[in-house]
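The exercises below are to be worked through with the sequence and the three-dimensional structure at hand. Each task is followed by a solution in steps.

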Amino acid sequence: MTVNPSGWRPSAPANEQGETQTVSGNRALMLEEPLLFEIGSTEQTGVDLADTKVSGGRLGGLERNRDIGLPGLSEPEMVRHYTRLSRQNYAIDLGLFPLGSCTMKHNPRLNEKVARMPGFADVHPLQPQETVQGALQVINELAFWLLELTGMYGVAMSPKAGAHGELCGLLCIRAALEARGDVRAVVLVPESAHGTNPATAAFAGYKVESIPANKAGRVDLDALKSRLAPDVAAVMITNPNTCGLFEPEMIAISEAVHEAGAFVYCDGANFNAIVGKVRPGDLGIDAMHINLHKTFSTPHGGGGPGSGPVVLSEALAPFGPLPFVAKMPDPGSRSGAGASSYKLVEEENAGEEHHARSFGRMTAFHGQMGMFTRALTYILSHGADGLRQVAEDAVLNANYVLRSLEDVLDAPFAKSGPCMHEAIFSDKGFAEGLSTIDLAKALIDEGFHPMTMYFPLVVHGAMLVEPTETESKAALDQFIASMRVIAERAKAGDESLKAAPVHAPRRRLDETLAARKPVLVYREPEQAQAAE
Amino acid sequence: MRYLPLSDTDRSEMLHAVGASSIDDLFADVPKAARLDGLVEGLPLHASELAVERHMGALSKKNMAAGDVPFFLGCGAYRHHVPASVDHIIQRGEFLTSYTPYQPEIAQGTLQMLFEFQTQVARLFGCDIANASMYDGSTACWEAILMAGRITRREKAILSSGLHPHYVSVCTTMAKFTGDRLETRVPSLSAEMDAEKVIAAIDDQTSAVVVQYPDILGRITDLAPIAEVAHAKGALLIAVVTEPVALGLIKSPGEMGADIVVGEGQSIGVGLQFGGPYVGLFACNEKFVRQMPGRLAGETVDAEGKRGFVLTLSTREQHIRREKATSNICTSSVLCALAFTAHLTLLGEKGLRQLASLNHARACAVADRLAAIPGVSVANGAFFNEFTVKLPVEARPAVHAMVEKGLLGGVSLGRLYPDAPELANGLVIAVTETVTDEDIGALEAALKEVCL
């Protein structure tokens, strides 16, 4: 079967703006790329495998007797296909990527090299433990650093991403409460929280109630205190919070929560602002996930994979998930340092390792090993001094942006003091009909990735700018210059902003159409027609 | 510090510009009691690229890399040859260092790639649609059970005995908290699967039946009879595929009536990586789309009418629906999905079929040779590239004894089912195209010795 013998199918109609048209639809380095299903063929392949005769006698009569419809490409075609696609993406490697709450910092290439060492990349998760001592040591060394940097007692390494880490933390809390016979139904979440917080609490079986923010963008301590009662299991707090502000009353919040018999979960998405400056353990936090793909520079990869280890207080650590790595002292050895061995504690030996109260397994294997090697490489590169400098530079860069723009853009919390690693603005003062999205799309034309838009929900038309520490002053100055001009245009009612972006590979896309008539897979033209 | 571009001059200029006399002014909101005045004690300082590479390299060498020895492990993670161009593509900075495509005008590369990935997964699994990936196979499996609960409004799922025990463990852990009821079973070391028991257990309380295909012992069974009974009772069939290469040779679960098909995509493009990151595959019947978890890329047009792609149906998701979302998932596994889709594009249907045939033929040859060892028998009737042998001795010590001989000879059922002594002599052996004739000879010789 050949999927589409006619090959390339132009999708670009004539441009109405009088731009010179090309026959191909390409514009020099801006290259259009058809779908794989329009260029590939099921007879084409980019690998050299021989035909092998299969008798079929051992397939239980289940031999496939229909075509699958998977087109192939030769290697040069495949490389060109994805390389052309890659060029339609913005990326940190190309420029400033100030997405608030996402910590889009430079991804060091040494991390990539290390993750590909055969002893890490080419090791099976079920290999006997004596053959993976180095891998277990990596997990253990990373765990050590995370505990030292957070001042916490234990760490669960297996969660696969931030939201998975949140779930891990809440399950630890629930298990700890149930172990003391204390069933509680409610988790309190501030209004400004990331959407994963309430979703996770619901996923863990809790009813979610929101707690209001005060005028300074912080948790309203009195409102929180008045809601604390024996039905509250936990309070989920993001600190620094999603307005880019540190919660100055964090210690008092933790004390109030503990007094009510509940636990404090901290969303560690914004740990980059305080790494090496503040240890969450000193703030009374009981559980916090750490996004290795934010603070510790593992690549975001277009939306994952992430990694979300969870640091735990002494009260919660015994309930953490399996499997985990334990360092075994080796009394019989005389060789001193480096003689200890590492053991993976799984279901069968959890009891003997004093971990009988673990709430169980969250994922098939031991977590995101490829992210652990990258994060540890990053941490060792920076060391204690470099990591502290990371937080300081990240905060300095954000404040520099805040103070350079507060005269042209509404900055709702600017008067209350400095921000942490991200600066928040609103679209207050824009001319009628123009909003945050118009400024964001105009930034695309200027060659920048937009900031986080319309989040947190507590600020109208929020723009959350997180430059990170890996931006130079020159890069920030360029960004600020573009932002100032666009902000002035938005305030003056420049309607042309609504057409932005005009220089990107695509103009604004019709998201309503995509949701109303979902097309989620490719169908051959005749099939698609028949379906209509 | 090589990753920090600000110079001390920049820093003092910028502090001046923001009206701060020192960096500590910017941390004024941090309670004094919690502020660290100096470095966290007892930690090393920054290190050169050379020094870090040396340290990590030494740790890497303390592991036995699969490529250095005869290697026969499977059970949910498979070692296949990944063409060099796949790794080249995923290291393109525009893919590696981009974010979730929230700004579609400058993320068409990722979005189109995900649309292609969704199409490939849907076709491979024999389903209408697929999502843009989950964390891994085990979490996808649990999400499928939850989804079936939402669709059927029932809370009891039946897990067949052939489901990977770690997947079962993930599901039972999560079910403790959600209140879902799960029926689980331990497999028997024989060709006999539990399709009949599973069918008998389906009642009008059952939300879903979960069957792995091929199963943890490598066995394969026709899913159609299970689907038929499940549907008659208003339940759904969830199929779990941990070795998608198999589908180049055997029927897809969708074709046999599975309503939701989830899987682990690791074996195509991703590599072993000691368990992660992997890529969860999730496909289903189109009518269930609004109950599906995870990101979805969809086709649309831009303001000029040009075809383009966006993330769509996000009203299911946490950032819009908050506590009412179908899942709390936010990050998926896009870079691994890219590795999967790039590898599958190189293979194409022809290459996948060739690869699957090669795997199966080699596995058959190895099974025959091992069955000829006195005391050793093959438990499976049917299998793809993985089968279980019954040894005359316990398999777990046998695996360690083979390590002593420099050989990774399989996964013992003792490791997977420590509480089931009746399985202790079972050894699961996976045979892929990476296994050489010398490797097979070494396995045969080693097994002969440990079985004496």
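**Exercise 1. Determine how many of the residues of α5(A) are buried, and describe the helix and the residue that follows it.**

Step 1. A residue is buried if 20 or more other C-beta atoms lie within 10 Å of its own, exposed if 12 or fewer, and partly exposed in between, with C-beta atoms placed from the backbone. By this rule 13 of the 18 residues of α5(A) are buried, and the helix is mostly covered.

Step 2. Helices (H or I, at least four residues) and strands (E, at least two) are DSSP runs, numbered from the N terminus. Helix α5 of chain A covers residues 133–150 and reaches 26 Å from its first C-alpha to its last. The expected span is 1.5 Å times one less than the number of residues; for this helix the expected value is 26 Å, and the actual reach is close to it.

Step 3. A:G151 follows α5(A) and has a positive phi, near 65 degrees.

Step 4. The model is a predicted one, in which local features need pLDDT of at least 70, side-chain atom pairs count only at pLDDT 80 or more, and totals for chains, interfaces and linings use all residues. Residues are numbered from 1 along each chain as its sequence is written, while chains are lettered from A and ligands numbered from 1 in the order in which they are written.

**Exercise 2. State how confident the predictor is in chain B and in the complex.**

Step 1. The confidence in each residue is given by pLDDT, on a scale from 0 to 100. Chain B has a mean pLDDT of 96, and 100% of its residues reach 70 or more.

Step 2. For the complex, the predictor gives an ipTM of 0.97 and a pTM of 0.96.

**Exercise 3. Describe the contact between chain A and chain B.**

Step 1. Two residues are in contact if their C-beta atoms, placed from the backbone, lie within 7 Å. On this basis, 177 residues of chain A are in contact with 168 residues of chain B.

Step 2. Helix α10 of chain A (residues 369–405) supplies the largest share of the chain A side, namely 21 residues.

Step 3. For the classes, Ala, Val, Leu, Ile, Met, Phe, Trp, Tyr, Cys and Pro count as nonpolar, Asp, Glu, Lys and Arg as charged, and the others, Gly among them, as polar. The side of chain A that touches chain B holds 86 nonpolar, 55 polar and 36 charged residues.

**Exercise 4. Analyse the two domains of chain B.**

Step 1. Domain bounds come from an automatic or database domain assignment. Domain 1 of chain B consists of 66–81 + 349–450, and domain 2 of 84–343.

Step 2. The C-alpha centres of these domains of chain B lie 27 Å apart. Their contact takes 32 residues from domain 1 and 26 residues from domain 2.

Step 3. On the side of domain 1 that touches domain 2, α11 (334–371), β11 (386–390) and β13 (426–430) of chain B each supply at least two residues. The most come from α11(B), with 7 residues.

Step 4. By class, this side of domain 1 of chain B has 17 nonpolar, 10 polar and 5 charged residues.

**Exercise 5. Identify the residues that touch the most other members of the largest nonpolar core.**

Step 1. A nonpolar core is a set of buried Ala, Val, Leu, Ile, Met, Phe, Trp, Tyr and Cys residues joined through C-beta atoms within 7 Å.

Step 2. The largest such core has 322 residues, and those touching the most other members are A:C172, B:I145, B:V209, B:V210, B:L237, B:I238 and B:A283. The core draws at least three residues from each of domain 1 and domain 2 of chain B.

Step 3. Leaving aside neighbours within four places in sequence, the contacts of B:V210 include B:C141, B:I145, B:L163 and B:I238.

**Exercise 6. Locate B:C75 and A:T468, and decide whether each is buried or exposed.**

Step 1. B:C75 lies in the loop between α2 and α3 (84–90) of chain B, and its phi is positive, near 55 degrees. B:C75 is buried because 28 other C-beta atoms lie within 10 Å.

Step 2. A:T468 lies in the loop between β12 (463–465) and α12 (473–492) of chain A, with a positive phi near 70 degrees. A:T468 counts as buried because it has 25 C-beta neighbours inside 10 Å.
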